[in-house]
Amino acid sequence: MKSESGEQFFAARNTRPNRLGSTAVPADFVQRCMRGSRSRSIVLFLDCLPT
């Protein structure tokens, strides 16, 4: 999901669109975690359901 300011979030089943900052995971947090990894390869699995 995108916030009004354009920030992207990974939403969960109980994410509240009007409270993304406290009910979803910021995409930049996931990117920082991946960049900070010392692994040579990273695989990210997303289990998504259509809305």
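**View 1. The salt bridge between D28 and R32 in the predicted model.** In this predicted model, R32 counts as partly exposed because its relative accessibility is 46%, a value that lies between the limits of 20% and 50% set for that class. Its partner in a salt bridge is D28, and the closest N and O atoms of the two residues are 3.3 Å apart, which falls within the 4 Å required of such a pair. D28 likewise counts as partly exposed, because its relative accessibility is 33%. Both D28 and R32 belong to helix α2, which covers residues 27–35, and they stand four residues apart, or about one turn of the helix. A search of the whole structure finds one salt bridge. Side chains of opposite charge can pair when their charged atoms come close.

**View 2. The nonpolar surface patch that includes V25.** The residues F10, V25, F29, M34, I42, L44 and L46 together make a nonpolar surface patch of about 580 Å². Among these residues, V25 is found in strand β2, which consists of residues 25–26. V25 counts as partly exposed because its relative accessibility is 36%, and this value also meets the requirement of over 30% for a residue to be part of a patch.

**View 3. The largest pocket and the residues that line it.** The space in the largest pocket amounts to about 350 Å³. Twelve residues line this pocket, and those nearest its centre are F10, A11, A12, C48 and L49. By character, the residues of the lining divide into nine nonpolar, one polar and two charged. F10, one of the residues nearest the centre of the pocket, is also one of the residues that make the nonpolar surface patch. Rolling a probe the size of a water molecule over the atoms shows where empty space is left.

**View 4. The position of L20 relative to F10.** L20 lies in helix α1, which covers residues 20–23. L20 is classed as buried because its relative accessible area is 7%, where the class calls for a value under 20%. Along the chain, L20 and F10 are ten residues apart, and their C-alpha atoms are separated by 9.0 Å.

Note on methods. Residues are numbered from 1 along each chain as its sequence is written. This is a predicted model: local features need pLDDT of at least 70, side-chain atom pairs count only at pLDDT 80 or more; totals for chains, interfaces and linings use all residues. Side-chain values use heavy atoms; hydrogens and water are left out. Patches are made of residues with over 30% relative accessible area and no salt bridge: like charges are joined within 9 Å, nonpolar side chains (Val, Leu, Ile, Met, Phe, Trp, Tyr) within 5 Å. Accessible areas come from the Shrake-Rupley method with a 1.4 Å probe; for residues, only the protein chains shown count as cover. A salt bridge is a side-chain nitrogen of Lys or Arg within 4 Å of a carboxyl oxygen of Asp or Glu. Helices (H or I, at least four residues) and strands (E, at least two) are DSSP runs, numbered from the N terminus. Buried means under 20% relative accessible area, exposed over 50%, partly exposed in between (1.4 Å probe, protein chains only). On a 1 Å grid over the protein atoms alone, a cavity is a set of points where a 1.4 Å probe fits but cannot get out, and a pocket is an open set with protein on both sides within 12 Å along at least five of seven lines; lining residues have an atom within 4 Å of a point. Grid points are joined across faces, edges and corners, and a volume is the space filled by probe spheres set on the points. Ala, Val, Leu, Ile, Met, Phe, Trp, Tyr, Cys and Pro count as nonpolar, Asp, Glu, Lys and Arg as charged, and the others, Gly among them, as polar.
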